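Please find below my notes on the model you asked me to look over, set out as numbered points.

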Amino acid sequence: MKTLLLLAALAAVTAVTAVTACDRRTSPTENGARAVTGIVELRFGSLTERYDLRVERTDQGFAPSLTPIGGAHPPGRGLLGLAFVRPDAGAGDPFVIPTPQGTVTTRLTYRPLGPWHVLDRAAVSVAVPQLGAGPEFTVAVLEPRLVR
Amino acid sequence: MNAHFNTLRVRWAGPAVLTVLFGLAVTPRPAVAAAPAAAVAAATRTMALPCYQEAIAYIDAWIAYIEAWRDYENTLPGGTEQEIMDSARRLDQAATAVGTAGWRLVKCLAPLSSSGPIIP
């Protein structure tokens, strides 16, 4: 009986160790991913602007940098804080904001990339009673890649 | 039973009830006036919805773009080269303004769509 109990205890300890090891194997730190690169494309009507994106993983979080491609306007400092990369996918439900002029609807979708999630597409649409619906504004991250 | 009811018929009961009713009648009520429509509209504009100001800025820029687009279309048929170039420049500026406002709105909303903590 004593031997059986000892064997059961040993099995339990082994199982706990194995689960912990699996958890560590899938964590971002041991995954080796350091950054995400891609192309940010901003579209509205006739406007198309593209930026080279690099998001570094730092101790404090994610630090994005954008380099204009072609004739794109340099991004203002206030625009850099957009969460291009984050640890979770998010809810995916649209944000509907009614205003006195009309309704603004925004949908954000993130897709998994290694241990993180990268902005796939953000689309802002507008419905104004007198004007109807017009062109959408979109921000998309194209060709996202992990840098190890 | 009758004796019990008779105990309630006291001399001061009638004047006391009348005094209370009179007091209630003359006590001024707090004024509950209907708020003017302009005040309601102003309150709506400044209400604390998340990213509300960014949405207002976006829709303002969007409406300006639609107006610039209509102006451009009206200029095309009989406008001079200079007029067409000017309206095209205004359309380009309006589209850029929508891009900036849209980016600000998306940046504001992104953390709110998270199901967990956002690491900036």
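1. In what pattern do the helices and strands of chain A follow one another along the sequence? Chain A reads α-α-β-β-β-β-β-β-β-β-β, that is, two helices and nine strands, where helices (H or I, at least four residues) and strands (E, at least two) are DSSP runs numbered from the N terminus.

2. This is a predicted model, in which local features need pLDDT of at least 70 and side-chain atom pairs count only at pLDDT 80 or more, whereas totals for chains, interfaces and linings use all residues. Residues are numbered from 1 along each chain as its sequence is written, while chains are lettered from A and ligands numbered from 1 in the order in which they are written.

3. Of the 148 residues in chain A, 25% are buried, a residue being buried if 20 or more other C-beta atoms lie within 10 Å of its own, exposed if 12 or fewer, and partly exposed in between, with C-beta atoms placed from the backbone. Among chain A contacts (C-beta atoms, placed from the backbone, within 7 Å) between residues at least 6 apart in sequence, 42% join residues at least 24 apart.

4. A:Thr138 lies in strand β9 of chain A and counts as partly exposed because it has 17 C-beta neighbours inside 10 Å. Its C-alpha atom is separated by 6.7 Å from that of A:Phe44, 94 residues apart along the chain; leaving aside neighbours within four places in sequence, A:Thr138 is in contact with A:Arg43, A:Arg121, A:Ala122 and A:Ala123.

5. Between the chains, 33 residues of chain B are in contact with 35 residues of chain A. On the chain B side, α3 (37-45), α4 (52-78) and α5 (81-109) each supply at least two residues, and α5(B) gives the most, with 10 residues.

6. α4(B) and α5(B) pack at an angle of about 160 degrees with their axes 8 Å apart, the axes being lines fitted to C-alpha atoms over the stretch in contact and the angles running from 0 to 180 degrees between N-to-C directions. The two helices α4(B) and α5(B) are therefore roughly antiparallel to each other, a term used for angles over 145 degrees.

7. The largest nonpolar core (buried Ala, Val, Leu, Ile, Met, Phe, Trp, Tyr and Cys residues joined through C-beta atoms within 7 Å) has 48 residues, of which A:Phe84, B:Tyr58, B:Val98 and B:Val106 touch the most other members. Leaving aside neighbours within four places in sequence, B:Val98 is in contact with A:Phe44, A:Phe137, B:Ala61, B:Trp62 and B:Tyr65.

Methods: Contact = placed C-beta atoms within 7 Å. Parallel < 35°, antiparallel > 145°, perpendicular 65-115°, else oblique.
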